Amino acid sequence: MTCPKCQSAMSTRSLGGVSVSRCSSCNGIFLERADLGNLVEAENDFHQHSGPMTEPLPRITEDMTAPPPSRPRTRSYIETLFD
Ligand SMILES: [Zn+2]
């Protein structure tokens with residue numbers, strides 16, 4: 001299919017059993033409404049079984065002077081859409 005925003009070609013990939021089309025130019029994502037719910041469930045599962053590939057967002061505390069060092073880890077399942 002072509003991107004409804006910029007008319008570029010979109011490539012389809014499967015993520016967690018959900019078919020997602022992504023624009024090669026503007027990175028727009030197209031998916032069906034039911035698939036959005038499936039992705040949300042996959043996201044929740046991802047955090048429920050969080051392991052070495054995920055970490056909670058850092059908690060902001062009063063004595064924090066610098067942002068915590070960032071790690072090259074995926075914070076959410078949805079992020080993998082943009083790999
Ligand atoms: Zn596009």
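## Report on a predicted three-stranded sheet and its loops

From the N terminus on, the elements of the protein chain run β-β-β-α, where helices (H or I, at least four residues) and strands (E, at least two) are DSSP runs numbered from the N terminus. The chain thus described holds 1 helix and 3 strands. This is a predicted model, in which local features need pLDDT of at least 70 and side-chain atom pairs count only at pLDDT 80 or more, while totals for chains, interfaces and linings use all residues. Residues are numbered from 1 along each chain as its sequence is written.

Of the 83 residues in the protein chain, 6% are buried. A residue is termed buried if 20 or more other C-beta atoms lie within 10 Å of its own, exposed if 12 or fewer, and partly exposed in between, with C-beta atoms placed from the backbone. Contacts are likewise defined on C-beta atoms placed from the backbone, two residues being in contact if these atoms lie within 7 Å. Among the contacts with a separation of 6 or more, 20% are between residues 24 or more positions apart.

### The sheet

The strands form an open sheet of 3 strands in the order S1-S2-S3, with antiparallel pairing. S1 and S3 stand at the edges and each has a single partner strand, so one side of each is left without a neighbour in the sheet. Two strands are taken to pair if DSSP finds at least two bridges between them. S1 and S2 are joined in the antiparallel sense over 6 bridges, and Ser-14 stands opposite Ser-19 in S2. Between S2 and S3, which also run antiparallel, there are 2 bridges. Here Arg-22 stands opposite Ile-29 in S3, and Ser-21 stands opposite Phe-30 in S3.

### The loop between S2 and S3

The hairpin of S2 and S3 has 5 residues between the strands. Ser-24 belongs to this loop, as does Ser-25, which follows strand S2 (18-23) and precedes strand S3 (29-30). Asn-27 lies in the loop between S2 and S3 as well.

Which residues does Ser-24 contact, leaving aside its neighbours within four places in sequence? They are Ser-8, Ala-9, Met-10 and Ser-11. On the same footing, Ser-25 touches Cys-3, Cys-6 and Ser-8. The table gives one C-alpha separation for each of these two serines.

| Residue pair | Separation along the chain | C-alpha to C-alpha distance |
|---|---|---|
| Ser-24 and Ala-9 | 15 residues | 6.2 Å |
| Ser-25 and Cys-3 | 22 residues | 8.7 Å |

Is Ser-24 buried or exposed? Ser-24 is exposed, because 12 other C-beta atoms lie within 10 Å. Ser-25 is exposed because it, too, has 12 other C-beta atoms within 10 Å. Asn-27 counts as exposed, with 12 C-beta neighbours inside 10 Å.

### Positive phi values

Asn-27 has a positive phi of about 65° although it is not a glycine. This backbone value falls within the hairpin of S2 and S3. Gln-7 also carries a positive phi, near 65°, in a residue other than glycine. Gln-7 is placed in the segment before strand S1 (10-15). Gln-7 counts as exposed because it has 11 C-beta neighbours inside 10 Å.
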